[in-house]
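Me: I would like to learn how to read strands, helices and enclosed spaces in a protein model. Could you take me through them one feature at a time?

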Amino acid sequence: MDYSQYFSAALGRLHDERRYRVFADLERIAGRFPHATWHSPNGPRNVVIWCSNDYLGMGQHPKVVGAMVETATRVGTGAGGTRNIAGTHHPLVQLEAELADLHGKEAALLFTSGYVSNQTGIATLAKLIPDCLILSDALNHNSMIEGVRQSGCERQIWRHNDLAHLEQLLIAAGPNRPKLIACESLYSMDGDVAPLAAICDLAERYNAMTYVDEVHAVGMYGPRGGGIAERDGVMHRIDILEGTLAKAFGCLGGYIAAKGEIIDAVRSYAPGFIFTTALPPPICSAATAAIKHLKSSSWERERHQDRAARVKAVLHAAGLPVMTNDTHIVPLFVGDPEKCKQASDLLLEEHGIYIQPINYPTVAKGTERLRITPSPYHDDGLIDRLAEALLQVWERLGLALHEKPLAAE
């Protein structure tokens, strides 16, 4: 039997649906972000990255790089195994304490990625609550969906940010059934924000727990970078906050923060925590340095918001179809998977601009887009060149311009 035919057929389906993903070979240059070297088929070329989730450029910050190098030199590179076998190295203990402090919680638990923290965190929490009903926002990330699915609990999907629908489901569940409301604070494809205060009101009224994914908001919002929950003054009302170290903090890893007994229960039962190697000491030290810096420095957040606002204004003035929102995400509507990929290719090959296409299943079919994420280091000249390049690509592909910005769905 030729087993390879199954894999070839699966790849063929992706090509036919224009969903086959191609990764650019990029080499970032510390101290010159957002500039990078693209190792193209025709040799190395300088490009400008416009879609990185290293939102604040902390991956190149001297404090962060210095902490990583110092710890690697002092204690070595790896963690030595799982925490159950190798013990918990001290930089990891320090990082969890820093994260608990960031979110005003009693404790935090570190995972190898934000995906794992959602997947295993939600599944473990829900399994420990008898007859738990999970109420999940319709646009929750795949990692949250997988966590809900793997919990084996009953789940109900509430329409995105629709408080009336959420309340209907809470009422129908009854006052005595355990309920877990799961949502994100900032949805990264449209850039819209959850009404966290109102969700907390409903949770308290109908006796539900709350689990909020802050991965695209930690470091970015709030006086100390605690996220949308900190900005909106509701951090103390949310039971479990989940975040990442791989975006605004420029490192790697995911975590949850909550009351001590919740964290201890997940630590004790979660297979995605128990059976995997801990994050290395240098990564933990680097992340701690990034968090500490952003707790006290607001320059990065303020400059970042200024850059995002200017990108939106310049692209809108050019007639480009910016999907409006009040956050740092700048989605540019295309609406066709093939043209979205072509636009991305033209920007890279002819203009030295790297923006990945966002196609199904990341977004719904017919809503394909380019997702632009400015950083504090994208200056006015780079923004103007981006607008000029986009206009040329739009004309080349016959894509529509709009006099008014589009509202994110």
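Reply: What follows goes through strand pairing, helix packing, single residues and enclosed spaces in turn. The model is predicted.

Me: Let us begin with strands. In which sense do E2 and E3 pair, and over how many bridges?

Reply: For a pair of strands, look at direction and then at the bridges. Strand E2, residues 35–40, and strand E3, residues 43–49, are antiparallel and share six bridges. The two form a hairpin, with two residues between them. To fix the register, take one opposed pair: Trp 38 stands opposite Arg 45 in E3.

Me: Which strand is joined to E3 by two bridges?

Reply: That is strand E13, residues 353–354, and here the two strands run parallel. The register can be read from Ile 49, which faces Tyr 354 of E13.

Me: What should I keep in mind about side chains along a strand?

Reply: In a regular strand, side chains point alternately to one face of the sheet and the other.

Me: In what order do the strands of the three-stranded open sheet lie?

Reply: The order is E12-E15-E14, with antiparallel pairing. Strand E12 (330–333) and strand E14 (357–358) are the edges, since each of them pairs on one side only. Between E12 and strand E15 (residues 369–372) there are four bridges, in the antiparallel sense. Leu 332 and Leu 370 of E15 stand opposite each other.

Me: Now helices. Which residues of H7 are buried?

Reply: For a helix, list the buried positions and then look down the axis. In H7, which spans residues 163–173, the buried residues are His 165, Leu 166, Leu 169 and Leu 170. Viewed down the axis, the buried residues of H7 fall within an arc of 140 degrees, so they line one face of the helix. Ile 171 and Ala 172 are exposed on the other side of H7.

Me: What covers the buried residues of H7?

Reply: The cover includes strands E5 (133–137), E6 (154–158) and E7 (179–184), together with helix H8 (196–205).

Me: How should I read the ends of H7?

Reply: Check for a cap at the start and for the backbone just past the end. At the N-terminal end, Asp 162 is the cap, with a side-chain oxygen 3.2 Å from the backbone nitrogen of Ala 164. Just after H7, Gly 174 has a positive phi of about 90 degrees.

Me: Which elements do the buried residues of H6 pack against?

Reply: Start again from the buried list. Within helix H6 (residues 142–151), Ser 143, Met 144, Glu 146, Gly 147, Val 148 and Ser 151 are buried. They pack against helix H5 (114–127), E5, E6, E7 and strand E8 (209–213). Gly 152, just after H6, takes a positive phi of about 75 degrees.

Me: How do I read a single residue? Is Leu 347 buried or exposed?

Reply: Take its accessibility, then its contacts with residues further along the chain. Leu 347 belongs to helix H14, and its relative accessibility is 0%, so it counts as buried. Leaving aside neighbours within four places in sequence, Leu 347 contacts Gly 352, Ile 353, Ile 355, Leu 370, Ala 389, Leu 390 and Val 393.

Me: Is Lys 295 in H12 buried or exposed?

Reply: Lys 295 lies in helix H12, residues 281–296. Its relative accessible area is 11%, and because buried means under 20%, Lys 295 is buried. With residues up to four places away left out, Lys 295 touches Glu 98, Asp 101, Leu 102, Pro 223 and Arg 224.

Me: Finally, the spaces. Which residues lie nearest the centre of the second largest pocket?

Reply: For a pocket, read the volume and then the lining. The volume of the second largest pocket is about 270 Å³. Of its 17 lining residues, Ala 24, Trp 38, Asp 345, Leu 348 and Glu 349 are nearest the centre. Helix H14 (337–351) and E2 each supply at least two lining residues, and H14 gives the most, with five.

Me: How many cavities of 30 Å³ or more are found in the whole structure?

Reply: There is one, and the largest cavity has a volume of about 80 Å³. Its lining includes Arg 83, Leu 92, Phe 111, Phe 273 and Thr 276. Strand E4 (107–111) and helix H11 (271–274) each provide at least two of the lining residues of this largest cavity.

Notes: Residues are numbered from 1 along each chain as its sequence is written. This is a predicted model: local features need pLDDT of at least 70, side-chain atom pairs count only at pLDDT 80 or more; totals for chains, interfaces and linings use all residues. Side-chain values use heavy atoms; hydrogens and water are left out. Two strands pair if DSSP finds at least two bridges between them. Buried means under 20% relative accessible area, exposed over 50%, partly exposed in between (1.4 Å probe, protein chains only). The arc is that of the directions from the helix axis to the C-beta atoms. Contact means heavy atoms within 4.5 Å. A polar contact is a pair of N or O atoms within 3.5 Å; within protein, one must be able to donate a hydrogen and the other to accept it, and residues adjacent in sequence count only if both atoms are side-chain atoms. On a 1 Å grid over the protein atoms alone, a cavity is a set of points where a 1.4 Å probe fits but cannot get out, and a pocket is an open set with protein on both sides within 12 Å along at least five of seven lines; lining residues have an atom within 4 Å of a point. Grid points are joined across faces, edges and corners, and a volume is the space filled by probe spheres set on the points.
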